[in-house]
Amino acid sequence: MSVEDLEVTGLESLDENPELVLELYKLAMRVGERLKSTLSVIPENYNTVRDRLGVRRFNEFPSDVLSVLAVDSTWSIPHLELVMGTIAVIVSGYVIVAPQGLGSYGLSFVALRFSGGDDDRFTLSLELSAKVKEYVTALRQLKRDVDIVMLDGPLYHSMIHEFYIPSRSSNVLEDSRRGSGSKLASHTSRALLDLLDKAGSLGVPVAGVVKRVSSKLLLPRLEGLGGVVDVVRKYNDKLVASLILEPGEYIVIESYLEEFRKYLEAYSLKNVYRRILKIIDYCVEAPEDSLERRLCRYMERTAIAFYKHKGGSVAPQATRLDVYPGEDVDKVVAYCMENTTENNVPAPIDYVDRYVRIESQTIKRLHQLLRTHSKGREVEVALNITNPQKKYLYE
């Protein structure tokens, strides 16, 4: 076979559009060059940044953590897009991890959500509805023999206004099923309050493990370091932490609320930041027994840590932890340093993430089941994929 034959055969076997691949190649080259130029400021200010952030070294000591409750929730991406509208699957589950291996585990909720309208509001509703189920799962599974509760994701959904006004609901799980959009945030914060109340009464720390970091909470500490500040503004905290931390090192921000307020004050020219700052000022001064004040007290006592685990990694990067109460941050970091997987997350989160994962084959199976149990021509039409050209997304 000639070289020309090989080339033609190869192109015919590709699913990608070769012209599109060529353009992506050009864009990737430009991005690489720009990143190299932009990020060079970090190594140039390496020691200064480390001093500003108070980098700590993990001192190995025997861990007294014997049992970790890991909880996660997720929703299907892409959603199942039918003639009747969009259907998404929400799953929440838990895993108990002990030194000898996995203990009990289970799926707590498997639910469907429907939408025929705004995709952005639907995505927000899915995220918040999943979080309510996650917090309720953790509340139900939290027992005295648990040493740490780990949740996949941040503890606080701080950029949503309604989050700062916790729901007065007596049955937050049931009421959240009827909620939609950002109003669900008030149910989310109420479910979190209930969890932190119970964890506090049992003396069990709760840690949110944040993999996809978009926060910029390190900005106040880096003020004056122009080029470094520009990197954080343009990208996020995780990038800077990943570049300046060595394996076995970590950074601690003592109070989530204090640092968040500093950040909002520095960038209060933006209307959304100014509005959130006013809400926080209100909740700090709210009556002592109010739900708003309780939420702010928990935020005050929550520490943020960025750590890089002591082992090697194929893709080395820092991981963020939101830890309540902050006094237990060293205990939680110590456990994570010793028990982080090659995916750069604490092992319990890795286990539960795999357990609740929704594969594309699962969505395909859901569509098959819906059609199997459909009766009548009208129902069949409603359950057809609305864009058959993109059927490959579910296969």
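**Exercise 1. Place Phe 260 in its surroundings, beginning with the question of whether it is buried or exposed.**

Solution. Phe 260 has a relative accessible area of 3%, and since buried means under 20%, this residue counts as buried. The structure is a predicted model, and that applies to each value worked through below. The next step is to locate the residue along the chain: Phe 260 belongs to helix H10, which covers residues 256-266. Leaving out residues up to four places away in sequence, Phe 260 touches Ser 158, Met 159, Tyr 164, Leu 217, Ile 276 and Ile 280. For one of these partners, Ile 280, the separation is 20 residues in sequence, while the C-alpha to C-alpha distance is 9.7 Å.

**Exercise 2. Describe how H10 packs against H11, and say which residues make the contact.**

Solution. Begin with the geometry: the axes of H10 and helix H11, the latter formed by residues 271-285, come within 9 Å and cross at roughly 145°. The handedness of this crossing is left-handed. On the H10 side the contact is made by Leu 257, Phe 260, Arg 261, Tyr 263, Leu 264 and Glu 265, and on the H11 side by Tyr 273, Ile 276, Leu 277, Ile 280, Asp 281 and Val 284. Sorted by class, these residues comprise nine nonpolar and three charged ones, with no polar residue in the contact.

**Exercise 3. Determine how H11 is oriented relative to H12, and then how far H12 is enclosed.**

Solution. The axes of H11 and H12 come within 7 Å, and their crossing angle is roughly 100°. Angles of 65 to 115 degrees count as roughly perpendicular, and H11 is therefore roughly perpendicular to H12. Ile 280, Tyr 282, Cys 283 and Val 284 of H11 meet Glu 292, Arg 293 and Cys 296 of H12 in this contact, which by class holds five nonpolar, two charged and no polar residues.

For the second part, count the buried residues of H12, which runs over residues 291-300: eight of its 10 residues are buried, so the helix is largely enclosed by the rest of the structure. The buried residues are Leu 291, Glu 292, Arg 293, Arg 294, Leu 295, Cys 296, Tyr 298 and Met 299, and the elements against which they pack are H7, H10, H11 and E10.

**Exercise 4. Check the length of H7 against the expected span, and characterise its packing with H5.**

Solution. Helix H7 has 19 residues, and at 1.5 Å a residue it should span 27 Å; the end C-alpha atoms are 28 Å apart, which agrees with that expectation. H7 is followed by Gly 203, whose phi is positive, near 70°.

Turning to the packing, H5 (residues 119-141) and H7 (residues 184-202) meet at an angle of about 20°, and their axes lie 9 Å apart. Because angles under 35 degrees count as roughly parallel, the two helices H5 and H7 are roughly parallel to each other. Their crossing is left-handed. Among the contact residues are Leu 128, Val 132 and Tyr 135 of H5, together with Thr 188, Ala 191 and Leu 195 of H7. The class count for this contact of H5 with H7 is 10 nonpolar, four polar and three charged residues.

**Exercise 5. Find where the backbone departs from the usual phi sign or peptide geometry, given that most residues other than glycine have a negative phi and most peptide bonds are trans.**

Solution. Consider the peptide bonds first. The bond from Ile 77 to Pro 78 is cis, with omega near 0°, and Pro 78 lies in the loop joining strand E2 (68-75) and strand E3 (80-82). The bond from Tyr 324 to Pro 325 is also cis, with omega near -5°, and Pro 325 is placed in the loop between strand E10 (319-324) and helix H13 (329-338).

For the phi sign, Asn 344 has a positive value near 65°, although it is a residue other than glycine. Asn 344 sits in the loop between H13 and helix H14 (347-356), and at 4% relative accessibility it counts as buried.

**Exercise 6. Compare the accessibility classes of Thr 86 and Leu 20.**

Solution. Thr 86, a residue of strand E4 (residues 85-98), has 10% relative accessibility and counts as buried. Apart from neighbours within four places in sequence, Thr 86 is in contact with His 79, Leu 80, Glu 81, Arg 113, Phe 114, Ser 115 and Phe 122. Leu 20, which is found in helix H2 (residues 18-39), has 48% relative accessibility and counts as partly exposed.

Methods. Residues are numbered from 1 along each chain as its sequence is written. This is a predicted model: local features need pLDDT of at least 70, side-chain atom pairs count only at pLDDT 80 or more; totals for chains, interfaces and linings use all residues. Side-chain values use heavy atoms; hydrogens and water are left out. Axes are lines fitted to C-alpha atoms, for helices over the stretch in contact, and angles run from 0 to 180 degrees between N-to-C directions. Helices (H or I, at least four residues) and strands (E, at least two) are DSSP runs, numbered from the N terminus. Angles under 35 degrees count as roughly parallel, over 145 as roughly antiparallel, 65 to 115 as roughly perpendicular and the rest as oblique. A crossing is left-handed if the near helix is turned anticlockwise from the far one by less than a right angle, and right-handed if clockwise. Contact means heavy atoms within 4.5 Å. Ala, Val, Leu, Ile, Met, Phe, Trp, Tyr, Cys and Pro count as nonpolar, Asp, Glu, Lys and Arg as charged, and the others, Gly among them, as polar. Buried means under 20% relative accessible area, exposed over 50%, partly exposed in between (1.4 Å probe, protein chains only). The expected span of a helix is 1.5 Å times one less than its number of residues.
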